[in-house]
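Student: I have a structure to read. Can we go through it together?
Tutor: Yes. Ask me what the terms rest on.

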Amino acid sequence: MTDEIRSAILLHKESTSSLEEGERAELDEWRRTDPSAGETEASIGAVWHLAAEADPAGPWTPDLHAAWSRLQRRMETENPAVADRTDAPRRRLFASPLPWAAAVAALLGIALWWQLRPAAESVRTAEAWAENTPTVQLADGSTVHLRAGARLRYPERFGESERTVQLEGEAFFEVSHLSDGQPFRVETRHAQVEVLGTAFNVNELTGGLGCAVSVHRGSVRFALRSDGSASGTVLLGAGESARYDARANRLTKTAGASANGGAWFTGELSYRDAPLSRVLEELQSEFGVSATLDNGRWADCPFTGRLYRKTLSENLSALARVFGGRSEKEPGSGAYRLSGGRCR
Amino acid sequence: MDRLDWQQNPEKALEEVFRSEYVHLCRSALRLVGRSDVAEDLVQDAFLEVWRRRENLDFRISVQAYLRRAVANRSLNYLRDNRRTTELTPEISARPGHLNGESPTETAELQRLISDTIDRLPDKCREAFLLSRYDGFSYKEIAEKLGISVKTVEKHIAKGLLSLRNVLRANHFLKK
């Protein structure tokens with residue numbers, strides 16, 4: 001061991017109050033006899049201090065509120081003991097009375113809005129109104145998080161051979177894997193999504209325009225309903241998404257890894273080598289505010305990273321920093337513009 | 001938060017610990033694994049494990065201490081199974097603010113140098129340095145986690161310090 005390493009060890013041990021018997025004397029001796037001891041001590045001390053200030057974790061802090069909500073969901077879905085507690089409703093369909101009223105209303109009006117297959121035994125309906133995104137726990141332990149405007153129809157108990165629910169609108173599914181491999185199906189007007197145990201988002205596009213599916217974990221089979229008007233099946237793995245365009249009658253897998261269809265629920269947008277133009281497109285869609293690129297050459301710049309649903313401004317600033325550019329809000333219109341910078 | 005709280009209202013007890021510890025634990029995991037999404041997953045899993053074991057918690061050690069160890073262990077296990085990624089992410093690449101005496105530009109450069117130098121250290125050296133500098137684990141605790149001797153931990157940390165000093169000197173952040 002070199003003297004330099006030994007002296008660094010002793011200095012570090014002293015700073016962390018870890019000196020062992022005899023090491024104090026060794027350190028004092030080094031300080032007395034080595035003419036460069038003072039300089040070494042000052043530089044090692046400065047490095048230890050600077051390393052603390054320049055924390056490699058940077059300024060990042062997770063979204064505590066979203067994280068606690070996520071943990072609560074996992075506590076409920078992965079450990080049934082929560083639902084069995086006496087102070088919690090056995091089936092936590094909704095968190096507040098208002099959505100319960102909504103669900104009752106939906107049950108009464110079921111024939112008006114649902115035109116799928118004939119009702120099975122003990123079918124329930126859940127509906128999400130604005131300001132509420134209720135979570136439905138299914139009999140098999142699977143969880144469905146409804147986005148505002150969505151309606152879910154599901155049996156109180158599943159049959160022995162299949163688990164099928166029907167969805168209008170958009171929802172994020174966390175499906176329990178059953179030991180007998182019983183598949184789980186989500187039916188929409190146009191398509192059927194079949195899975196074994198995974199998390200994914202299904203969005204039945206408004207106006208009958210089609211259906212989009214994003215997979216977060218596991219894999220799914222996204223198939224058009226066999227109604228004679230269209231056919232096609234696509235297999236999607238984690239991080240993949242696909243979209244059925246009803247007007248063009250075309251089912252296409254999104255190029256490049258992207259599973260941001262569930263961003264409204266997961267709270268994050270994830271990218272791997274995604275062109276910046278697509279990142280901006282999705283941010284615009286999420287926040288409903290225009291964001292454009294000043295420099296057209298940026299459009300194809302690949303971006304890898306995660307953006308969180310804080311504010312559009314924060315996300316654009318983060319992108320600008322990555323590419324060395326600027327994010328500016330245009331006076332009057334409220335739209336944003338990214339300028340300067342270069343591909344990295 | 002004591003045993004009674006955990007028995008009477010475990011969800012509230014967990015939430016209290018979660019709100020005080022989650023951010024700190026996520027940042028600890030992020031330094032080791034280099035990805036914020038993975039860091040959050042690891043910390044969530046540690047909390048979920050506490051929840052599953054809530055009826056058998058050992059109150060001789062605090063839940064906070066358990067979580068701190070669990071997150072470090074889970075992060076190191078993750079690194080054993082997955083190559084550490086150093087890909088550019090907004091959270092890590094963007095570091096506003098500045099240290100005492102430096103301009104924001106100098107501060108950003110200093111942070112980049114320190115982060116890059118730590119990233120380039122050999123695995124065990126980097127892990128020992130991070131666990132000591134940012135999480136305050138003792139030599140003995142680090143040795144147990146990394147499966148190496150205390151003497152080796154001492155050497156790793158010293159080498160990390162000297163590597164950083166050399167880089168900062170070469171870039172004129174420290175006098176030669």
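**Confidence, contacts and a sheet**

Tutor: Start with confidence in this predicted model. In chain B, H5(B) has the lowest mean, 37, and H9(B) the highest, 94.

Student: What is the mean pLDDT of chain B as a whole?
Tutor: The mean is 81, and 81% of the residues of chain B reach 70 or more.

Student: Where does pLDDT stay under 50 in chain B?
Tutor: Over residues 86–102 of chain B. The model still has 43 contacts there beyond four places in sequence. Where pLDDT is low, the predicted coordinates should not be read in detail.

Student: What makes two residues of chains A and B count as in contact?
Tutor: Their C-beta atoms, placed from the backbone, must lie within 7 Å. By that test, 48 residues of chain B are in contact with 42 residues of chain A. H9(B) gives the most to the chain B side, with 10 residues. By class, that side has 26 nonpolar, seven polar and 15 charged residues.

Student: How do you know that strands E9 and E10 of chain A pair?
Tutor: Pairing needs at least two bridges. Seven bridges join E9(A), residues 199–205, to E10(A), residues 210–217, so the two strands pair. They run antiparallel. One of the bridges links Ala199(A) to Arg217(A) in E10(A).

Student: Why are E2(A) and E14(A) called edge strands?
Tutor: Each pairs on one side only. The open sheet has seven strands, in the order E2-E3-E6-E9-E10-E13-E14 of chain A. Its twist averages 15 degrees from one strand to the next.

How values were computed: Residues are numbered from 1 along each chain as its sequence is written. Chains are lettered from A and ligands numbered from 1 in the order in which they are written. This is a predicted model: local features need pLDDT of at least 70, side-chain atom pairs count only at pLDDT 80 or more; totals for chains, interfaces and linings use all residues. Helices (H or I, at least four residues) and strands (E, at least two) are DSSP runs, numbered from the N terminus. Ala, Val, Leu, Ile, Met, Phe, Trp, Tyr, Cys and Pro count as nonpolar, Asp, Glu, Lys and Arg as charged, and the others, Gly among them, as polar. Axes are lines fitted to C-alpha atoms, for helices over the stretch in contact, and angles run from 0 to 180 degrees between N-to-C directions. pLDDT is the predictor's confidence in each residue, from 0 to 100.
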